[in-house]
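Could you walk me through this structure with a few exercises? I am new to it and would like to see each solution worked out step by step.

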Amino acid sequence: MQNNALNAIPFIFLTAKKEENIREKCIHDGVDEFISKPFKFDELTKMVNTKIKRFEKIKNSYSNIYTGSKNVFLHEINTPLNGILGSIDLLIEDEESFDKNEKATFYEAIKISGERLHRTMRNVILFQNIRNNTIEFEENRQNDLLDCFVKVRKIISPYYEKSKTRIRHNVNKVDIKMNSEILEFILYELIDNALKFSNSSKEVSISGTIYNDKYYEVNITDYGLGFKPEELKSIGPNKQFNRKKMEQQGLGLGLYLSRILVLKSKGLFSIVSKEGEGTTITLLLPISG
């Protein structure tokens, strides 16, 4: 099975066939259990319940393991850690030789590395919680989209040169039925990707409009690398594109997690992209009231 997240799901083969050695053939092909007709309903129910319990044990035993590339994961942990510890070591060993501005530079480097490490661990934990279905989506929560966007833009700005002029926006004040942390996560990851995969001279556009009485439409457009058609079909957890072509940070979870969070919040998510021209991600976010 190509989808690693589904590999441990048990498969019971139910058939009326009476071929010789068919049970052995099916189990050899990867079937977890085999039952032939006619059968008793209680027998099937007991078999299903047993397999579900076993599946839950397997899933929980691996629930704290990141399933992507170990090299990428270690890089995303060690790089910011080295940045933090290296800066702290220099400040401790030779603090008196640095002036106020130089110290401020070290403090800013420590802060940026700490935020990068925090983002990495947040994404891994969120990924595991989604896999284990332990996130609650409260429909009675509402947050203003413009307020969340302004907060996200402020957080992103220090990481990108000329980001204040590159990010062109036209977003209204509108209450979205979504937890503020989830809404800010989605905006951060998608805007960050748009900036990351665009030339520093290119603008990124975030526009919003009322779609209908249930949804507010948000379009996030960049004029960067774009996706190949086959890449659009393969977007998933731990999937990164163009990592060899340009230096990336992150684990390749942001786009996947954003899509899942929008859908689980009863919104809609779509991507239109052309290689070498750019990408537009469209979100239909549920409006409160």
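Below are six exercises on this predicted model, each with a worked solution.

**Exercise 1. Getting an overview**

Task: Find how many helices and strands the protein has, and what share of its residues counts as buried.

Solution:
- Step 1. Start with the elements: the protein has nine helices and nine strands.
- Step 2. Turn to burial: 39% of the 289 residues count as buried.
- Step 3. Look at the surface: the accessible area is about 17900 Å², and carbon and sulfur atoms account for 52% of it.
- Step 4. Check how the chain meets itself: of the contacts between residues at least 6 apart in sequence, 66% join residues at least 24 apart.

**Exercise 2. One face of a helix**

Task: Work out where the buried residues of helix α5 lie when you look down its axis.

Solution:
- Step 1. Locate the helix: α5 covers residues 145-156, which makes 12 residues.
- Step 2. Check its length: the distance from the first C-alpha to the last is 16 Å, close to the 16 Å expected at 1.5 Å a residue.
- Step 3. List the buried residues of α5: L145, L146, C148, F149, V152 and I156.
- Step 4. Look down the axis: these buried residues of α5 fall within an arc of 155°, so they line one face of the helix.
- Step 5. Recall the general pattern: an α-helix has 3.6 residues a turn, so residues three or four places apart point the same way.
- Step 6. Finish at the N-terminal end of α5, where D144 acts as a cap: one of its side-chain oxygens lies 3.2 Å from the backbone nitrogen of L146.

**Exercise 3. The largest core**

Task: Find which element gives the most residues to the largest nonpolar core, and how covered that element is.

Solution:
- Step 1. Take the core itself: the largest nonpolar core holds 43 residues, and those with the most contacts inside it are L145, I186, I191, I206, L283 and L285.
- Step 2. Ask who contributes: the elements giving two or more residues to this core include α4 (100-131), α5, α7 (180-196) and β9 (278-286).
- Step 3. Pick the top contributor: α7 gives the most to this core, with 10 residues.
- Step 4. Check its cover: 16 of the 17 residues of α7 are buried.
- Step 5. Check its length: α7 reaches 24 Å from its first C-alpha to its last, close to the 24 Å expected at 1.5 Å a residue.
- Step 6. Look at where α7 starts: a side-chain oxygen of N179 comes within 2.7 Å of the backbone nitrogen of E181.

**Exercise 4. A buried threonine**

Task: Decide whether T282 is buried or exposed, and find its side-chain polar partner.

Solution:
- Step 1. Place the residue: T282 is in strand β9.
- Step 2. Read its accessibility: the relative accessible area of T282 is 17%. Buried means under 20%, so T282 is buried.
- Step 3. Find the partner: the side chain of T282 makes a polar contact with the side chain of N219, at 2.6 Å.
- Step 4. Add the neighbours: leaving out residues up to four places away in sequence, T282 touches E217, V218, N219, L268, F269 and S270.

**Exercise 5. An unusual backbone angle**

Task: Say what stands out about the phi of K266, and where this residue sits.

Solution:
- Step 1. Recall the general rule: most residues other than glycine have a negative phi.
- Step 2. Compare: K266 has a positive phi of about 65° although it is not a glycine.
- Step 3. Place the residue: K266 is in the loop between α9 and β8 (268-274).
- Step 4. Check exposure: with a relative accessible area of 52%, K266 is exposed.

**Exercise 6. Partners far along the chain**

Task: For I77 and Y211, find a residue far along the chain and the separation of the C-alpha atoms.

Solution:
- Step 1. Begin with I77, which is found in helix α3 (residues 70-94) and is buried, with a relative accessible area of 15%.
- Step 2. Follow the chain: I77 and L117 are 40 residues apart, yet their C-alpha atoms are separated by 6.3 Å.
- Step 3. List the contacts: beyond residues up to four places away in sequence, I77 touches L117, T120 and M121.
- Step 4. Move to Y211, in the loop between β6 and β7; Y211 is partly exposed, at 48% relative accessible area.
- Step 5. Follow the chain again: Y211 and I287 are 76 residues apart, and their C-alpha atoms are separated by 9.8 Å.

How values were computed:
Residues are numbered from 1 along each chain as its sequence is written. This is a predicted model: local features need pLDDT of at least 70, side-chain atom pairs count only at pLDDT 80 or more; totals for chains, interfaces and linings use all residues. Side-chain values use heavy atoms; hydrogens and water are left out. Helices (H or I, at least four residues) and strands (E, at least two) are DSSP runs, numbered from the N terminus. The expected span of a helix is 1.5 Å times one less than its number of residues. Buried means under 20% relative accessible area, exposed over 50%, partly exposed in between (1.4 Å probe, protein chains only). The arc is that of the directions from the helix axis to the C-beta atoms. A polar contact is a pair of N or O atoms within 3.5 Å; within protein, one must be able to donate a hydrogen and the other to accept it, and residues adjacent in sequence count only if both atoms are side-chain atoms. Contact means heavy atoms within 4.5 Å. Accessible areas come from the Shrake-Rupley method with a 1.4 Å probe; for residues, only the protein chains shown count as cover. A nonpolar core is a set of buried Ala, Val, Leu, Ile, Met, Phe, Trp, Tyr and Cys residues joined through side-chain atoms within 4.5 Å.
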